[in-house]
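Colleague: I am new to this one, and I would like to learn how to read it feature by feature. Could you walk me through it?

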Amino acid sequence: MRLVVVAVGQRVPDWAATAWDDYAKRFPPELRLELKAVKTEPRASRTTEQLLAAERERIEAAIPRGARVVALDERGTSLATTALAAKLKAWQLDAADVALVIGGPDGLDPAFRAGAHERIRLSDLTLPHAMVRVLLAEQLYRAWSINAGHPYHRE
């Protein structure tokens, strides 16, 4: 099974790329973490709706066929780490790839958000996109660790 993070925006600081790579290599072979960066639509003289529609096309093209789509959204369900671990376990039992989608500066297209299988939020705080990638990778790793019985998380 793959956890595919589809993130709008290609450029991230070196520290974020290094942190992402560090977490991605920790996952076991049967649960791979992958990143698909999607180009941000140029902002010049276009409406927000046009920008989001163009980014939506790129996002949809990056999502693996048959994947469960999870939109990261500020209005999504807030999860504790243990609840994310339970979701991860259920996703693994389903055996389909999971695409976790991070929108661009303007968020995600409303119709895309509405069509996602799930909508979750990582924090009540507004976070830079590079930080969201790292935080998501870390929390997915922590969820896997909990499920695997590793001492990464002690209650």
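Modeller: Gladly! Let us start with a single residue: Val 132 has its place in helix H5. Please keep in mind that this is a predicted model.

Colleague: Is Val 132 buried or exposed?

Modeller: Val 132 has a relative accessible area of 12%, so it counts as buried, the cut-off being under 20%.

Colleague: And which residues does Val 132 touch, not counting those up to four places away in sequence?

Modeller: Val 132 touches Leu 72, Ile 102, Leu 122 and Leu 127. Take Leu 122: it is 10 residues from Val 132 in sequence, and their C-alpha atoms are 7.9 Å apart in space.

Colleague: How should I think about nonpolar residues in general?

Modeller: In soluble globular proteins, nonpolar side chains tend to be buried together. Here the largest nonpolar core has 26 residues, and those with the most contacts inside it are Leu 3, Phe 27, Leu 33, Trp 91, Leu 100 and Leu 140. Two or more residues each come from strand S1 (2–8), helix H1 (14–26), strand S3 (68–78), helix H3 (81–94), strand S4 (98–102) and helix H5 (129–148).

Colleague: Which element gives the most to this core?

Modeller: That is H5, with 7 residues. For a view from one core residue, look at Leu 33: leaving aside neighbours within four places in sequence, Leu 33 is in contact with Leu 3, Val 5, Trp 20, Ala 24, Phe 27, Ala 137 and Leu 140. There is also a second, separate core of 15 residues, which includes Ile 59, Ala 62, Ala 71 and Phe 112.

Colleague: Now the helices. How do I read which way a helix faces?

Modeller: An α-helix has 3.6 residues a turn, so residues three or four places apart point the same way. In H1, the buried residues are Ala 16, Ala 19, Trp 20, Tyr 23 and Ala 24. Seen down the axis of H1, the buried residues fall within an arc of 130 degrees, so they line one face of the helix.

Colleague: Which exposed residues does the face of H1 turned away from its buried side carry?

Modeller: That face carries Asp 14, Thr 18 and Lys 25. The buried residues of H1, for their part, pack against S1, strand S2 (32–38) and H5.

Colleague: Does H3 follow a similar pattern, or what should I look for there?

Modeller: Begin with its length: H3 has 14 residues and reaches 20 Å from its first C-alpha to its last, close to the 20 Å expected at 1.5 Å a residue. Thr 81, Leu 84, Ala 85, Leu 88 and Trp 91 are buried in H3. These residues cover an arc of only 120 degrees around the axis, which puts them on the same side of H3. What they pack against is S1, S3, S4, strand S5 (118–121) and H5. Just after H3 comes Ala 95, whose phi is positive, near 70 degrees.

Colleague: Could we zoom in on Leu 88?

Modeller: Of course. Leu 88 counts as buried, at 0% relative accessibility. Not counting residues up to four places away in sequence, Leu 88 touches Leu 3, Leu 31, Leu 140, Ala 143, Trp 144 and Asn 147.

Colleague: How are aromatic rings compared?

Modeller: A pair of aromatic rings is described by the distance of the centres and the angle of the planes. This structure holds 3 aromatic pairs. In one of them, the rings of Tyr 23 and Tyr 141 have their centres 6.2 Å apart and their planes at 50 degrees, so the pair is tilted. Tyr 23 lies in helix H1 and Tyr 141 in helix H5, so this pair ties together parts that are 118 residues apart in sequence. Both Tyr 23 and Tyr 141 are buried.

Colleague: What about the rings of Tyr 141 and Trp 144?

Modeller: Their centres are 5.7 Å apart and their planes are at 35 degrees, so that pair is tilted. Being 3 residues apart in helix H5, Tyr 141 and Trp 144 are separated by about one helical turn. One aromatic cluster is formed by Tyr 23, Phe 27, Tyr 141 and Trp 144. Finally, Arg 26 lies over the face of Tyr 141, at 5.3 Å from the ring centre.

Methods. Residues are numbered from 1 along each chain as its sequence is written. This is a predicted model: local features need pLDDT of at least 70, side-chain atom pairs count only at pLDDT 80 or more; totals for chains, interfaces and linings use all residues. Side-chain values use heavy atoms; hydrogens and water are left out. A nonpolar core is a set of buried Ala, Val, Leu, Ile, Met, Phe, Trp, Tyr and Cys residues joined through side-chain atoms within 4.5 Å. Buried means under 20% relative accessible area, exposed over 50%, partly exposed in between (1.4 Å probe, protein chains only). Helices (H or I, at least four residues) and strands (E, at least two) are DSSP runs, numbered from the N terminus. Contact means heavy atoms within 4.5 Å. The arc is that of the directions from the helix axis to the C-beta atoms. Rings of Phe, Tyr and Trp (its six-membered ring) pair if their centres lie within 6.5 Å; planes under 30 degrees apart count as stacked, over 60 as edge-to-face and the rest as tilted. A charge sits over a ring if NZ of Lys or CZ of Arg is within 6 Å of the ring centre and within 35 degrees of the ring normal. The expected span of a helix is 1.5 Å times one less than its number of residues.
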